[in-house]
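Reader: I'm new to reading protein structures. Could you walk me through one, feature by feature?

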Amino acid sequence: CLYKNEPIEREGLLYHSEDLRYYFDMPEREPDAIIGVCDTKSKGIDFMVMPIVYVYDDDYYMADCICDDSSDYNLQETKLAKKITDHEMQRCEFESNAGGDRLAFNVTKRVKELGGRCSISTKPTETNKETRIIVNSNWIKEHMLFKDKSLYNKQSDYGRFINMLLSYSVSGKNKHDDVPDALANFALFATKPERKVARIMKNFL
């Protein structure tokens, strides 16, 4: 209940704070990859969510994120392009539903204008959202690391992201499910066979 002081029922929560892995510092070497996914905002109270993840072997450190409910398309594109460029992201997959193709196209143009070189792709989400969130939760708990709570402001995008993750329930209605859904899509993206081959080749070279 850190965000907007809304009470959260612990019963039925998919993620508990003690389930997650945390970090103060990332490894002092170049990451194997810097990747992310973007869960686009469709309407109403939906949030646009993009975790920005640094990959070190089998550990995935969420260094930054976007968790924003703005309906201003120009602001969305500007924020996405800046984050992608600032972190020198190499690959990012956009949900193509609800105008995601258009958003990905416009963000790609803006990233190039800013001097970035991110490979941006799109993919429709066709599986059941709740099932997708649940079946990928163990991978997230085992492989992802999040900033220690002392390293971010609770009202920041990162703070909203963590709060929404820890308030997702499998036993009732959820006002916001964009964050756990974005992480589920990230897990699917990160474990694609072609991504594993690319990492093996990079490490070999």
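Author: Sure, let's begin with the order of the elements. Along the sequence, the protein chain runs β-β-β-β-α-β-α-β-α-α-β-α-α-α. Keep in mind that this is a predicted model.

Reader: How many helices and strands does the protein chain have?

Author: There are 7 helices and 7 strands. Contacts tell you how the chain folds back on itself: of those with a separation of 6 or more, 72% are between residues 24 or more positions apart.

Reader: What share of the residues is buried?

Author: Buried residues make up 49% of the 205 in the protein chain. As for the surface, the chain exposes about 10,800 Å², and carbon and sulfur atoms supply 51% of that.

Reader: Can we look at one helix? How many residues of α5 are buried?

Author: For a helix, go through its residues and check how covered each one is. In α5, 10 of its 10 residues are buried, among them Tyr-158, Phe-161 and Leu-165.

Reader: Which elements do the buried residues of α5 pack against?

Author: On the strand side, they pack against β1 (21-23), β3 (48-56), β4 (59-68) and β7 (144-147). The helices α1 (73-86) and α6 are partners too.

Reader: Next, salt bridges. How many does a search of the whole structure find?

Author: The search finds 14. To read one, look at who pairs up and where each partner sits. Take Asp-59 and Arg-21: their closest N and O atoms are 3.0 Å apart. Asp-59 is in strand β4 and Arg-21 in strand β1, so this pair ties together parts that are 38 residues apart in sequence.

Reader: Is Asp-59 buried or partly exposed?

Author: Partly exposed, with a relative accessible area of 24%. Arg-21 also counts as partly exposed, at 29%. Now try Arg-132 and Asp-181, a salt bridge with its closest N and O atoms 2.8 Å apart. That pair links helix α3 to helix α6, 49 residues apart. Here Arg-132 is buried at 5% relative accessibility, and Asp-181 is buried at 2%.

Reader: What about a salt bridge in α5, where Arg-160 and Asp-157 both lie?

Author: Those two form a salt bridge with closest N and O atoms 2.4 Å apart. They are 3 residues apart, about one turn of the helix. Salt bridges that share partners also join Asp-68, Lys-79, Asp-157 and Arg-160 into one network.

Reader: And disulfides? How many turn up in the whole structure?

Author: First the idea: a disulfide is a covalent bond between the sulfur atoms of two cysteines. The search finds 0 here. You can check the distances yourself: the sulfur of Cys-38 is 6.2 Å from its closest cysteine sulfur, in Cys-92, and that is too far for a bond. For Cys-118 the closest one is again in Cys-92, at 5.5 Å, also too far.

Reader: Last one: loops. Where is Ser-169 found?

Author: Ser-169 is in the loop between α5 (157-166) and α6 (178-190). Don't assume from the word "loop" that a residue must be exposed: Ser-169 is buried, with a relative accessible area of 11%.

Reader: Which residues is Ser-169 in contact with, leaving aside its neighbours within four places in sequence?

Author: Its contacts are Glu-11, Gly-12, Leu-13 and Asn-174. Ser-169 and Glu-11 are 158 residues apart in sequence, yet their C-alpha atoms are 7.8 Å apart in space. A polar atom of the Ser-169 side chain also lies 3.5 Å from the backbone oxygen of Gly-12.

Note on methods:
Residues are numbered from 1 along each chain as its sequence is written. This is a predicted model: local features need pLDDT of at least 70, side-chain atom pairs count only at pLDDT 80 or more; totals for chains, interfaces and linings use all residues. Side-chain values use heavy atoms; hydrogens and water are left out. Helices (H or I, at least four residues) and strands (E, at least two) are DSSP runs, numbered from the N terminus. Buried means under 20% relative accessible area, exposed over 50%, partly exposed in between (1.4 Å probe, protein chains only). Contact means heavy atoms within 4.5 Å. A polar contact is a pair of N or O atoms within 3.5 Å; within protein, one must be able to donate a hydrogen and the other to accept it, and residues adjacent in sequence count only if both atoms are side-chain atoms. A disulfide is a pair of cysteine sulfur atoms within 2.5 Å. Accessible areas come from the Shrake-Rupley method with a 1.4 Å probe; for residues, only the protein chains shown count as cover. A salt bridge is a side-chain nitrogen of Lys or Arg within 4 Å of a carboxyl oxygen of Asp or Glu.
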